[in-house]
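Visitor: I have a model open and want to understand its pockets and its ligand. Can you walk me through them?

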Amino acid sequence: MSTDKKTLLNELQQAVIEGDGERAKVATQKCLDAGIAPLEAVEFGLRDGLKIVGDRFEKLELFLPDLMLAAEAGNQVMSVLEPIITAGGGESKSAGTVVIGTAKGDIHTIGKNILAMLLKLSGFQVYDLGADVPATTFLEEARKHKADVIAISALMTSTMPGQREVVRLLNDVHERESYEVLVGGAPVTQNWATEIGADGYSETASGGVALALKLVAKK
Ligand code: B12
């Protein structure tokens, strides 16, 4: 990547870290004007920027209001990127049906929303159950919408067990084979996905879409 592009992405990341929504919006537009791919701005500017904020929060260098400001700046970045990413609409044929939500006890939504948006764009019918979703709701909604995929985001180590809970419940009701279960979110790893018996994990939202397409095609 050219130094210019790196500088622009760094400026975007920095504005997110500092929780400066206006500056973040301007920086996002500058990235787009320089030809930086919107998803690159999402992953490097937004996700990595918020990761740095989270790490500083953990070290007590930043506090909850800083986290909230950074999240708001992240939303501002998405307000610029979303119309660009979704311009032209998604695929017209249906790639399958996904129910998506954040695990029980967890109110983080930014990453889940990005994944939902990209899934829609790839032609999936997406039912977004929101945040703090109990395993029983994932099951009920998956049944109701005849879902192919259940996608569960978890941003805290304390809520990752909510992902395991969904897989357990599907096993208990003998419906494990009916759905592909995808897990993700900052603390989630491939090892965790394997341990709980999920069908797939991806570190990024775009990787999650590729995986969903692959798993549904195999079904
Ligand atoms: C923003 C933020 C908040 C915002 C959330 C706003 C919102 N509407 O979402 C606010 C301020 C509300 C918040 C609250 C809290 N937070 Co917080 N928060 C964060 C922060 C800084 C960024 C999260 C984020 O949005 N990242 C940006 C997105 C784009 O990234 P992402 O979610 O990882 O998603 C990407 C991928 O993971 C992937 N993906 C996401 N989901 C899925 C799902 C699937 C299926 C797939 C395939 C892929 C995928 O796609 C995305 C794009 O690539 C993280 C730090 C971090 N490391 O992430 C802490 C963090 C998650 N929070 C933390 C904590 C502790 C809290 C609070 C408990 C703080 C408090 N004292 O109240 C509360 C939690 C309340 C609750 N019950 O949930 C901790 C959790 C620690 C732990 N135990 O694991 C973290 C890690 C910070 C830290 N290092 O300490 N938080």
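Visitor: Where does the largest pocket lie, and why there?

Guide: Keep in mind that this is a predicted model. Domain 1 covers 3–86 and domain 2 covers 96–218. Both give residues to the lining of the largest pocket, so the pocket lies between domain 1 and domain 2.

Visitor: How much space lies in the largest pocket?

Guide: The lining is made up of 48 residues. Closest to the centre of the pocket are Leu-50, His-108, Gly-111, Leu-155 and Ala-186. The space in this largest pocket is about 1,500 Å³.

Visitor: Which element gives the most to the lining of the largest pocket?

Guide: Several elements give two or more residues to this lining, among them α4 (64–86), β1 (96–102), α5 (110–121) and α9 (205–218). The strands β3 (149–153), β4 (180–184) and β5 (200–201) are also included. The top contribution is 12 residues, and it comes from α3.

Visitor: How do the residues of that lining divide by class?

Guide: Take the charged residues to begin with: there are 8. Polar residues number 14. The rest of the division is nonpolar, at 26.

Visitor: Where does the ligand sit?

Guide: Domain 1 (3–86) and domain 2 (96–218) both give residues to the shell around the ligand, so the ligand lies between them. The largest pocket lies between these domains too. The ligand's site is the largest pocket.

Visitor: Which residues come nearest to the ligand?

Guide: There are 35 residues around the ligand. By class, they divide into 17 nonpolar, 12 polar and 6 charged. The nearest are Ile-107, His-108, Thr-109, Ser-153 and Thr-157.

Visitor: Which residue has a polar side-chain atom 2.8 Å from a nitrogen atom of the ligand?

Guide: Set aside two contacts to ligand oxygen atoms. Glu-43 has a side-chain N or O atom 2.9 Å from one. Thr-157 uses a polar backbone atom, at 2.8 Å. The side-chain contact to a ligand nitrogen belongs to Ser-153.

Visitor: Which element supplies the largest share of the shell around the ligand?

Guide: Elements giving two or more residues to this shell include α4, α5, β3, β4 and α9. The largest share is 7 residues. Its source is α3.

Visitor: How much space lies in the second largest pocket?

Guide: Its lining includes Asn-75, Met-78, Ile-110 and Lys-120. By class, that lining has 5 nonpolar, 3 polar and 2 charged residues. The space in the second largest pocket is about 180 Å³.

Visitor: Which element gives the largest share of the lining of the second largest pocket?

Guide: Domain 1 (3–86) and domain 2 (96–218) each provide at least three residues of this lining. At the level of elements, α4 and α5 each supply at least two. The largest share is 6 residues, from α5.

Methods: Residues are numbered from 1 along each chain as its sequence is written. This is a predicted model: local features need pLDDT of at least 70, side-chain atom pairs count only at pLDDT 80 or more; totals for chains, interfaces and linings use all residues. Side-chain values use heavy atoms; hydrogens and water are left out. On a 1 Å grid over the protein atoms alone, a cavity is a set of points where a 1.4 Å probe fits but cannot get out, and a pocket is an open set with protein on both sides within 12 Å along at least five of seven lines; lining residues have an atom within 4 Å of a point. Grid points are joined across faces, edges and corners, and a volume is the space filled by probe spheres set on the points. Helices (H or I, at least four residues) and strands (E, at least two) are DSSP runs, numbered from the N terminus. Ala, Val, Leu, Ile, Met, Phe, Trp, Tyr, Cys and Pro count as nonpolar, Asp, Glu, Lys and Arg as charged, and the others, Gly among them, as polar. Domain bounds come from an automatic or database domain assignment. A residue is near a molecule or strand if one of its heavy atoms lies within 4 Å of it. A polar contact is a pair of N or O atoms within 3.5 Å; within protein, one must be able to donate a hydrogen and the other to accept it, and residues adjacent in sequence count only if both atoms are side-chain atoms. A molecule sits in a cavity or pocket if more than half of its atoms lie within 2 Å of its grid points.
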